[in-house]
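Hi,

Here is the structure I said I would pass on. Have a look at it first, and then read on for what turned up.

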Amino acid sequence: MAAIGKIRSWGPILVGVIGLALFAFVAGDLFRGCESSNVATKQRLAVVNGEKINAIDYQRYVEEYTEAMKTEFAMQGRTPSDEEIRQSAWQELLNNKMIEAEAKELGITVTDEEIQNIINQGTNQMLLSIPIPQFHNQQTGRFDANALKQFLASYKQAQQNNPQLAEQLAPIYKYWLFKENQLKQNLLAQKYMVLLQESVLSNPAEAKFAFDAEKQETNVELAYIEYNSINDNDVKVSDQELKAKYDQLKERFFIPQEIREIKYIEVKKVASAADKADLRKKMEQFAEELQTAENPEQVVNKSQSLMKYAGVPVTRNLLPLDVAARLDSIAVGTTTKVTENTQDNTFNIIKLIGKSNLPDSIQYRAISVMAATPAETKAKADSVLTALQNGADFAAIAKKYNQTGEAEWITGTQQFQAVSQSRENKTVFDAMNAMAVNELKNIHLTQGNIILQVLDKKAMKEKYDVAVIKRTIDFSDETSQEIYNKFNQFVASNRNLQDLEKNAPKAGYIVRELPMVTTSAGNIAGIQGTRDALKWTFEAKEGDLSDVFKCGNNDELLVVALTKINPKGHMALSHQQVNSTVKAEVIKDKKAQMIIEKLKGVNSIAAAKQKGCKTTTVEQITFAAPAMVPALMVSEPALSGAATATAKGKFSARPIVGNAAVYLFQVTDKKTLPGKFEQKQYGQKAAMGELQRLFQAIQYELQRKADVTDNRYLFM
């Protein structure tokens with residue numbers, strides 16, 4: 001009983017302990033939930049239409065997009081920057097998300113069957129623009145669904161039986177998967193646009209008006225006084241006038257995301273005279289070695305050249321412009337002296353090893369042969385070669401080795417890329433270029449043998465076997481530190497914007513202004529590697545001055561001052577750029593009124609000249625397009641309407657307020673162009689014009705509705 005009594009006396013304590021334990025358990029779950037939520041928030045790269053986009057998912061998308069686009073651009077001989085590709089990827093993702101949200105709300109979907117039907121038809125513009133030869137009909141050069149299916153089957157077989165071939169085909173396979181998804185997104189957008197299109201109709205009157213607007217031409221003699229003939233200082237603008245014009249133009253100044261204004265100093269590190277002299281001496285030594293080298297690749301690699309030795313003859317378009325421009329002045333077998341290219345800040349040496357006329361497209365087929373040992377591989381390959389030389393069916397033998405033996409085309413650009421990926425590919429391409437059409441050859445490679453047959457050769461071009469040593473004229477560590485110390489000391493001595501601007505010219509620095517910095521910009525003033533500076537910009541307060549940022553490729557320095565924060569929404573009239581735009585419009589309006597007053601009572605071109613008008617002629621004015629005034633190099637839509645509405649021989653005494661001037665005119669001629677009115681055709685044209693205007697308005701509204709939060713700058 002005493003024990004029970006004692007336990008009872010502990011009751012309140014036990015209840016408290018149990019309560020604390022339960023609280024700890026619940027709080028632990030709550031803490032873990034908050035922690036998880038906090039991690040998710042930190043990983044939130046963007047929000048579009050309320051949908052959160054995770055940084056990891058976005059990075060995966062960008063990698064897929066980048067790989068696909070680089071494959072496509074390589075086929076076209078283009079090399080866009082990584083930044084261009086990233087911005088393109090973001091814009092495409094943004095557009096897709098906006099359309100997906102609208103499509104979901106409207107119940108619009110795209111089925112796999114629809115996509116397959118489009119692929120089978122092969123007439124979609126996206127498919128026709130695919131530059132991959134493996135997807136083309138060899139006779140027409142156009143996209144062919146059967147060629148695509150053959151490639152996909154070949155890739156599947158290669159995955160099972162030929163890993164080396166599968167690895168080579170993988171980029172093209174991934175490219176197709178990406179394009180297939182892109183095709184689905186485009187079809188979804190097309191369905192949405194078609195839905196909008198069905199809401200736009202035209203009537204017979206509109207159709208006839210569209211016909212007349214296109215077919216009726218007017219020639220005029222034009223008299224005008226330009227706005228810039230009046231000095232801006234002679235025009236007084238009040239605050240009330242600015243406010244009224246701002247209210248009228250307010251929608252122009254809507255910004256969908258926060259904008260910050262900065263001032264900054266950028267310092268570029270450059271090589272000193274001693275740095276240049278030291279590099280030139282090294283380059284001269286490399287030039288001597290390259291001239292006598294049996295293997296130019298070893299010297300090029302040793303020199304740390306920006307451009308690797310191709311190993312195969314290439315066309316001019318695959319070489320840097322400065323190198324290509326000098327090829328005709330270099331004799332085969334000779335090496336140039338060291339030359340400086342100030343445009344890309346490099347020293348260059350060129351050795352022209354050979355020049356030849358070779359096909360830029362080769363059609364071939366091949367059978368890969370592999371066995372347990374090199375000896376067995378050689379024996380099998382020799383056996384296959386002998387059988388083919390004696391008339392055996394190529395496709396039948398390829399099938400025995402689980403391959404299709406299908407004919408494929410390869411371009412010079414593809415050869416160049418393949419050699420850069422694997423030097424052993426050079427052996428294959430050297431053989432291809434040397435072989436006659438229909439010739440068979442057994443080629444030994446490290447992982448097996450290839451029985452190769454060349455079927456056709458096209459597009460003979462001059463190609464160059466050229467070794468290039470291209471080195472950036474870079475600064476030394478000592479020079480870099482000296483530049484950094486000087487700039488850092490300057491910034492440390494001027495810790496506010498006023499002092500920075502006052503003393504920068506004396507120290508040899510320039511303070512620049514950037515009025516519109518957004519998180520989606522990705523950098524500061526187009527300078528690479530400015531993520532930290534951009535992050536600082538969006539965490540700073542007005543008036544703050546940063547420390548020195550190292551940016552670029554560690555070859556630039558940056559200091560930033562935050563001058564103003566403009567929140568999402570309509571930018572205020574007080575904003576410098578808004579104010580100057582509005583003021584310019586008010587000044588233009590007031591100048592127009594001044595000119596109109598001056599032209600009162602004018603009833604002829606001669607009278608207009610007496611009032612100080614310049615004259616010119618404008619011909620072929622139609623209502624369907626804005627009139628172009630060649631003398632001013634400006635488009636004037638208002639003139640198109642007025643000229644069309646004025647009869648031949650009449651003088652339009654009512655001044656036309658244009659973009660660049662105030663106009664009066666005399667109609668000198670009118671004529672109707674030949675053509676038969678087709679109500680259906682011109683009805684569709686009228687509807688299409690209205691639809692284009694509608695699309696522009698809808699795109700603007702979709703962007704506003706999406707309410708995009710862009711935090712990419714935190715993850716770059």
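Let me start with one residue: at 55% relative accessibility, Gln620 counts as exposed, since the cut-off for that label is over 50%. Bear in mind that this is a predicted model. Gln620 sits in strand S15, which covers residues 614-621. Its backbone is worth a look too: phi is positive, about 55°, although Gln620 is not a glycine.

Asn402 is another non-glycine residue with a positive phi, in this case near 60°. You will find Asn402 in the loop that runs between helix H15 (394-400) and strand S8 (408-411). With a relative accessible area of 42%, Asn402 is partly exposed.

Now for a couple of buried spots. Asn124 belongs to the loop between helix H5 (112-121) and helix H6 (125-128). Is Asn124 buried or exposed? Its relative accessible area is 17%, so Asn124 is buried, the limit being under 20%. If you leave aside neighbours within four places in sequence, Asn124 is in contact with Ile118, Leu183 and Gln190.

Ala74 is in helix H3 (residues 55-75), and with a relative accessible area of 14% Ala74 is buried as well. Which residues does Ala74 touch, not counting those up to four places away in sequence? They are Thr413 and Gln417. In case you want a distance to check your setup against, the C-alpha atoms of Ala74 and Ala293 are separated by 31 Å, and these two residues are 219 apart along the chain.

The helix I would open in the viewer is H19, residues 497-507. Its buried residues are Leu497, Leu500 and Ala504. Looking down the axis of H19, you see those buried residues fall within an arc of 40°, so they line one face of the helix. The other side of H19 has exposed residues, namely Gln498, Lys502, Pro505 and Lys506. What do the buried residues of H19 pack against? Their partners are strand S5 (259-268), helix H18 (477-493) and strand S13 (556-566).

Then the whole chain. There are 24 helices and 20 strands in it. The radius of gyration is 35 Å, whereas a compact globule of 716 residues would have one near 27 Å. In terms of extent, the C-alpha trace spans about 115 × 105 × 65 Å along its principal axes.

As for burial, 41% of the 716 residues are buried. The chain exposes about 39600 Å², and carbon and sulfur atoms supply 51% of that area. How many of the contacts join residues far along the sequence? Counting contacts between residues at least 6 apart in sequence, 71% join residues at least 24 apart.

Last, the charges, in case you are setting up electrostatics. The protein chain has 87 positive and 85 negative side chains. The centres of those two sets lie 2 Å apart.

That is what I have for now. Shout if anything is unclear.

Cheers

Technical notes:
Residues are numbered from 1 along each chain as its sequence is written. This is a predicted model: local features need pLDDT of at least 70, side-chain atom pairs count only at pLDDT 80 or more; totals for chains, interfaces and linings use all residues. Side-chain values use heavy atoms; hydrogens and water are left out. Helices (H or I, at least four residues) and strands (E, at least two) are DSSP runs, numbered from the N terminus. The radius of gyration is taken over C-alpha atoms; the globule rule is 2.2 Å times the number of residues to the power 0.38. Buried means under 20% relative accessible area, exposed over 50%, partly exposed in between (1.4 Å probe, protein chains only). Contact means heavy atoms within 4.5 Å. Accessible areas come from the Shrake-Rupley method with a 1.4 Å probe; for residues, only the protein chains shown count as cover. Lys and Arg count as positive and Asp and Glu as negative; His and the chain ends are not counted. The place of a charge is taken as NZ of Lys, CZ of Arg, CG of Asp or CD of Glu. The arc is that of the directions from the helix axis to the C-beta atoms.
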